[in-house]
Amino acid sequence: MFVFLASLLMVFGIDPLQLTLFSMAITAVILPPVIIPFLVLMNDELYVGKYRNGWISNSVVIFTIALTFVLAIVAIPLEIIGG
């Protein structure tokens, strides 16, 4: 069933590699706004109590947000320019 649906994309002339690259660029844009609420929730002492994030966990999450933000800034123009 899924192979049939995937082959329909090729029938309409959509390149699977271009579709994959586009979806990766969109994921890079969406990831930071999705991670930030989790960062806030995992630091809320009323919500998670003594299991809230420490400074190491927060550093890793902030580094991930910064990295995906940079990737989003780079990926979208490359997707547009690269065609």
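The legends below describe close-up views of a predicted model.

**View 1. Confidence along the predicted chain.** The protein has a mean pLDDT of 86, and 99% of its residues reach 70 or more. Confidence is lowest in α1, where the mean is 79. Helix α3, made of residues 45–48, has the highest confidence, at 90.

**View 2. A nonpolar patch on the surface.** Ten names make up this group: Met 1, Phe 2, Phe 4, Leu 5, Leu 8, Leu 9, Val 11, Phe 12, Ile 14 and Leu 19. Together these residues form a nonpolar surface patch of about 1100 Å². Helix α1, which covers residues 2–11, gives the most to the patch, with 6 residues.

**View 3. Ile 14 in its loop.** Ile 14 is one of the residues of the nonpolar patch. Its place in the chain is the loop between α1 and α2, the latter spanning 16–41. Ile 14 has a relative accessible area of 36%, so the residue counts as partly exposed. Patch residues must have over 30% relative accessible area, and Ile 14, at 36%, meets that cut-off.

**View 4. The largest pocket.** The volume of the largest pocket is about 220 Å³. Its lining consists of 14 residues. Those nearest the centre of the pocket are Leu 21, Met 24, Ala 25, Ala 75 and Glu 79.

**View 5. Helices that line the largest pocket.** Two or more lining residues come from each of α2 and α4, the latter covering 55–82. Helix α2 provides the largest share of the lining, 7 residues.

Definitions and conventions
Residues are numbered from 1 along each chain as its sequence is written. This is a predicted model: local features need pLDDT of at least 70, side-chain atom pairs count only at pLDDT 80 or more; totals for chains, interfaces and linings use all residues. Side-chain values use heavy atoms; hydrogens and water are left out. Patches are made of residues with over 30% relative accessible area and no salt bridge: like charges are joined within 9 Å, nonpolar side chains (Val, Leu, Ile, Met, Phe, Trp, Tyr) within 5 Å. Accessible areas come from the Shrake-Rupley method with a 1.4 Å probe; for residues, only the protein chains shown count as cover. A salt bridge is a side-chain nitrogen of Lys or Arg within 4 Å of a carboxyl oxygen of Asp or Glu. Helices (H or I, at least four residues) and strands (E, at least two) are DSSP runs, numbered from the N terminus. Buried means under 20% relative accessible area, exposed over 50%, partly exposed in between (1.4 Å probe, protein chains only). pLDDT is the predictor's confidence in each residue, from 0 to 100. On a 1 Å grid over the protein atoms alone, a cavity is a set of points where a 1.4 Å probe fits but cannot get out, and a pocket is an open set with protein on both sides within 12 Å along at least five of seven lines; lining residues have an atom within 4 Å of a point. Grid points are joined across faces, edges and corners, and a volume is the space filled by probe spheres set on the points.
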